[in-house]
Amino acid sequence: MAFFDDSVSRMRLRIGPLVLLFLANPVMRLSSQIWLSAWSDQQIEDKPLSFWLGIYATLSLGASAFQLLKEYVYIQHAVNPPRRLHERMLDAVMRAPMRFFDSTPMGRVMNRFAKDTDLIDTLLATSFNNWLNTSGMLLAVLVYI
């Protein structure tokens, strides 16, 4: 439980930029879609094609840039907790008394390492990513409404 408390306290310091990136990405995607809709709905051609295309390209490239940045920051956040967990588990096992190794099969220790690391790598990271994506899209839609 101490690992979880430590991870949460470290995550609070870095969660702000991650949430902003997860919000900025859907806002940019929705902006480009709204702009494309406005462009296709325009009846009078009072503005040149380069005006419409330039803004649409800027919004689309911005959405792509935010997506790349978001994925990079997310991967950094998803890789560090399992690494710290593994280091702490390994340190605890290495400092364990010899009677621990006499009474605990090595297969059980290995399975514990693999299960805990896999849980954080796959389930926790994927759930957090999905939650942030859904929350970002929901907030972006609410902003536009």
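Here, buried means under 20% relative accessible area, exposed means over 50%, and partly exposed covers what falls in between. With that in hand, welcome to a few close-up views of this predicted model.

**View 1. A nonpolar patch on the surface around Leu-139.** Five residues build this patch: Leu-138, Leu-139, Val-141, Leu-142 and Ile-145. Together they make a nonpolar surface of about 510 Å². Leu-139 sits in helix α4, which runs over residues 106–144. Its relative accessible area is 42%, so Leu-139 is classed as partly exposed.

**View 2. The largest nonpolar core.** Look here for Leu-18, Leu-21, Phe-22, Val-73, Tyr-74, Ala-78, Ala-125 and Leu-132, a set of 8 residues in all. Three helices share the work: α1, α2 (49–94) and α4 each contribute at least two residues to this core. Leu-21 is a good place to pause. Apart from neighbours within four places in sequence, Leu-21 is in contact with Phe-66, Leu-69, Lys-70 and Val-73. Of these partners, Val-73 is itself listed among the core residues.

**View 3. Ser-32, a buried serine in helix α1.** Helix α1 spans residues 2–41, and Ser-32 belongs to it. The relative accessibility of Ser-32 is 8%, which is under the 20% limit, so this residue counts as buried. What does Ser-32 touch, once its neighbours within four places in sequence are left aside? Tyr-56, Leu-59 and Ser-60 are the residues in contact with it.

**View 4. The salt bridge between Glu-71 and Lys-70.** The structure holds 2 salt bridges, and this view shows one of them. Side chains of opposite charge can pair when their charged atoms come close. In this pair, the N to O distance between Glu-71 and Lys-70 is 3.8 Å. Are the two partners buried or exposed, or partly so? Lys-70 is buried, with a relative accessible area of 2%, whereas Glu-71 is partly exposed at 27%. Lys-70 also appears in View 2, as one of the contacts of Leu-21.

**View 5. The salt bridge between Asp-91 and Arg-95.** Here the side chains of Asp-91 and Arg-95 meet at 2.9 Å, N to O. Arg-95 has a relative accessibility of 66%, which is over 50%, so Arg-95 counts as exposed. Its partner Asp-91 has 37% relative accessibility and therefore counts as partly exposed.

Definitions and conventions
Residues numbered from 1 in each chain as written. Predicted model: local features only at pLDDT ≥ 70, side-chain atom pairs only at ≥ 80, totals over all residues. Heavy atoms only, no water. Patch = residues over 30% accessible without salt bridge, like charges linked within 9 Å, V, L, I, M, F, W, Y side chains within 5 Å. Areas by Shrake-Rupley, 256 points an atom, 1.4 Å probe, with all protein chains shown as cover. Salt bridge = Lys/Arg side-chain N within 4 Å of Asp/Glu carboxyl O. Helix = DSSP H or I, 4+ residues; strand = E, 2+ residues; numbered from the N terminus. Buried < 20%, exposed > 50% of the residue type's maximum accessible area, 1.4 Å probe, protein only. Contact = heavy atoms within 4.5 Å. Core = buried A, V, L, I, M, F, W, Y, C linked by side-chain atoms within 4.5 Å.
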